[in-house]
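I opened my notebook and set out to look up a few features, one at a time. Helices come before the sheet, and the spaces inside come last.

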Amino acid sequence: MLAFKSFSKRFALGIVGVGVSFGLSLTPVMAKDITIQVWAGGSNVNDSYRVDAITMAADILEKEAAILGEDLNITVETKYDFDGWGGFKQAVTLAAEANKAPHIVVTGHEDIAPWSQSGLIRPIENYVDFDTWPLSDLFENLVEIASFEGTIYGVPQDAESRPFFAWIPHLKAIGYSKADIRALPGKILSGNYTLYDVLDDAKKIQDAGLVKPGYGFYPRVSKGGDYWQFYLSFGGEMSDSKSGKLVFDRSAMKNFYTFFAKAVEMGVTRKNHIGTPWDQWYSEVASGKAGLWHGGTWHYSRYTGKEGLKDFFGNIVFGLIPAGDKNGRANTITHPLVYLVTNRGSEDDAQIAAQLVAIASEPRINTLHAIKSAHLGITKSQQNVPLYANNRWASEATKLLLPHASAMPNHTNFSPYFDAMWKGLEASWTGQKSPEKAVADVEAELRANLGNDIIIR
Amino acid sequence: MSAKLGYIFIAPALALVVLFFLAPVLMTGVFSMTNMSTATGITGGSYQITPSVLSQLGDQGFDRKILKRIGSESYSISEKGLLAATKADVKTELVEELRERYLGETFASRRLFERFLKKLDNRPRSIRTLKSTSPHFRKSLIKERFASTKELLQSLEEMDLGLTQVQTDELVDASYTGWIWTGENFRKMFLLPETKQILLNTGFYVASTLLLFNIGFALVLAVTTFYLPKGQAALFRALWFLPRITPSVLYVLLWKWLTWDTGFINAVVTNFGVTPRNWMLDTAANAWVTVIMINGFIGASMGMILFSSAITSIPKQMLYASEVDGANRWQQIRHIILPQLKWPILFITVYQTLSLLTSFEQIFLSTDGGPGSSTEVWALSAYHTALDNYWGNLQYGYGAALALVLVLVGVIMSLIYLRFFRFDELIKTPRIEQ
């Protein structure tokens, strides 16, 4: 009986086995081998997850395909050691002219405008579903930044933001209570603490002898996207969301220039501040030699690392860049990198490349990059990933800053506009021109250079 | 026979000249008459109707009703779409479901349409199928990319917009993504205030480097080493040759170590109570001094060698005779040596002006045109415009126009020098051979 049972069991197993193998042989097993190249610009060894995330994604996609009975073999070739941004962009564009671009590139969002026009990149929205997790979980404003002319071209890869900082001991010395300091970020957000309050506090700190003259308000020392924040603070707009054209707002620009001229006039910012060496600047702001200043989220690691600031949260309070007047709003600018899928290969290749990008954007995988490289995340649920949530800086900065972040516009002619804005600012700051004259000169230059691409109002 | 042999011998050199000189100059000329950039690509464009194309046409007075129709993205479940879907192997059940229950419905965007598809009973079960299903029902031109004029025209025709020939042409022109021929670059160069600044920078840089170092300092070196014993003279000259034979990147790096905030100069002067600063980039004056010295130290060695050999070829008897006459060193230099150096000095002036005008690698490696754009010279500006631009859009066309100006200035200056300094006299056949 026992023998029979075991026989019948074996028999049954045998039948099942034959059946299964027969069944499997009927399922069309489509073997597909594909090589996906990923290049990341502006990266060093700390940013390796920009490309490694794609390799991890390939592993997952292969497994998913196997379950669906597809034999998918993806080989990922990665490269991120380029000769700076310039070298990287040249490499990508020239390779693309020869139809040898990598399938996926990681680059600044500003490349979307020219690369989409030249056809170098494909709209990623044609290949992945932004209503499906993890893409549905991306911060909406970051997705907006990865879009151009109403089409989503890329998936945000990481984010940063440029906050406003103040040195807590100095604030306390001029009469701020602990509760006042805790409430400061909220006051900034609601517009109740403006840029002119910044100058007043800077003056008080200076008058109290806590910092040297010219150190009350201690801005960025070189040209940078950060300065557009002050234009936004006075109600300026960089581009028109409807027509996609650039926007030059005379009165916002004038108020923005006037603010810095005023800071110099009050003596809280040095006239020759621009050009101060970065090393000096970092060591000063991280050691209480300045009162209030603005910087970037990546400064955290510099202050607490090289500059040796032991207790960041005990000494520094941070928030959005305050509004300038009632026309403007508290804001911050972010410059995210994005994953872009290029025109290389067939539609199928692009489909796979895009799926890899989607998987690589899953919170857990992206968190590896965010924390290793001291960047901010891209999805809301990263706050629930322990590695991210337990990093106090990443999680607090994300909560406070990212939802209010905007970016410089994706426009092929933004570069000349940027140059002109900067020249005008330098001229008003150093007193070479009055803010009115500087604005008029910038306007004249923009009319000559950009013509119809810019709305002047 | 000998002429043929000559051509054969010269052929490799000729090929190189054509490949590395004539062709680039020609290409620069061609590029400078285009609006080529990263956005237009180099190899040609296609056609794309984007919101900004439509707004541009609107500004030009194009019929706004038509623009609105072209600009609205729509997806509709029509027999035509269903047929196309069937042909493309979309699941029959899905096609049937759409036909039976939703025929005639329209959606304002791809996203809305796909959200709708995902709610169907026979919904596409993978993102891949979803994404390959929706395009069959698209009914718009916006966000589409057309590889050729023919494709664009065909789609325009299908829209049945009743366009006139003029309107069609305007649409085709405005939606072209590639480069076009234009003289705009030169107009822009003339209008932009920064052109003047860069021109002044270039003039200042070339003149100061040339006068102070390539000629001035080179003369000092040549004359002083002439009066030294031979061995020592050779040593000094060899030392001054170092900047020229050191690789540029390394050489400029040494300057950076010297001038940076934590560099050698600061390490020394802080002992005397001077606050450390970046001696290369602190002010425009700092930057100019460093840039001119970096280039001058390289340039001086060439003049030094040329002038030294010219001085040694001055007959010694003249110097002895002058000493007998009671001339001091300065009088020897002023009345014997310098007059004999006229031709080498002219040669160095000509040669170095042209090479300074076009060389920018040391400036690029050291200040990169900063602080602000105070040390931005013409060649560097052409490079930045065409090949290294902060905000992504490299302007090949405008950069080439800038470079072309440099080529023209070089050619014109060579001609002037040739005439003005009478080079023909310099190279004419010695009388003894006549």
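At roughly what angle do the axes of helix α11 and helix α15 of chain B cross? I noted first that this is a predicted model. Then I looked up the pair. Helix α11 (residues 193–226) and helix α15 (residues 284–312) of chain B cross at roughly 40°. Their axes come within 6 Å. I wrote down that α11(B) and α15(B) are therefore oblique to each other. Their crossing is right-handed. I also checked the residues in the contact of α11(B) with α15(B): 20 are nonpolar, 10 are polar and none is charged.

**Entry: a second helix pair**

I stayed in chain B and turned to helix α16 (residues 316–324) and helix α17 (residues 329–340). They pack at an angle of about 150°, and their axes are 10 Å apart. An angle over 145 degrees counts as roughly antiparallel, so I put down α16(B) and α17(B) as roughly antiparallel. The crossing of α16(B) and α17(B) is right-handed.

**Entry: a sheet in chain A**

I traced an open sheet of 4 strands in chain A. Its order is β9-β11-β8-β12, and the pairing is mixed. Why does one side of β9 and of β12 lack a neighbour in the sheet? Both strands, β9 (217–218) and β12 (316–319), stand at the edges with a single partner strand each, so one side of each is left free of a neighbour.

Next I followed one pairing. Strand β8 (residues 164–167) and strand β11 (residues 292–294) of chain A run antiparallel, over 3 bridges. In one of them, F164(A) has H294(A) of β11(A) as its bridge partner. I added a reminder: strands of a sheet pair through backbone hydrogen bonds.

**Entry: the cavity**

I met H294(A) again here, in the lining of the largest cavity. The structure holds 1 cavity of 30 Å³ or more. The largest has about 40 Å³ of space. Its lining also includes R220(A), D226(A), W278(A) and W281(A). By class, I found 3 nonpolar, 4 polar and 2 charged residues in that lining.

**Entry: the second largest pocket**

This pocket has about 1500 Å³ of space. I listed 49 lining residues. Which of them lie nearest its centre? They are Q117(A), T412(A), N413(A), D453(A) and N35(B). Helices of both chains take part: α4 and α19 of chain A, with α2, α9 and α10 of chain B, each supply at least two lining residues. α2(B) gives the most, with 6 residues. By class, the lining of this pocket has 13 nonpolar, 26 polar and 10 charged residues.

Definitions and conventions
Residues are numbered from 1 along each chain as its sequence is written. Chains are lettered from A and ligands numbered from 1 in the order in which they are written. This is a predicted model: local features need pLDDT of at least 70, side-chain atom pairs count only at pLDDT 80 or more; totals for chains, interfaces and linings use all residues. Side-chain values use heavy atoms; hydrogens and water are left out. Two strands pair if DSSP finds at least two bridges between them. On a 1 Å grid over the protein atoms alone, a cavity is a set of points where a 1.4 Å probe fits but cannot get out, and a pocket is an open set with protein on both sides within 12 Å along at least five of seven lines; lining residues have an atom within 4 Å of a point. Grid points are joined across faces, edges and corners, and a volume is the space filled by probe spheres set on the points. Ala, Val, Leu, Ile, Met, Phe, Trp, Tyr, Cys and Pro count as nonpolar, Asp, Glu, Lys and Arg as charged, and the others, Gly among them, as polar. Axes are lines fitted to C-alpha atoms, for helices over the stretch in contact, and angles run from 0 to 180 degrees between N-to-C directions. Angles under 35 degrees count as roughly parallel, over 145 as roughly antiparallel, 65 to 115 as roughly perpendicular and the rest as oblique. A crossing is left-handed if the near helix is turned anticlockwise from the far one by less than a right angle, and right-handed if clockwise.
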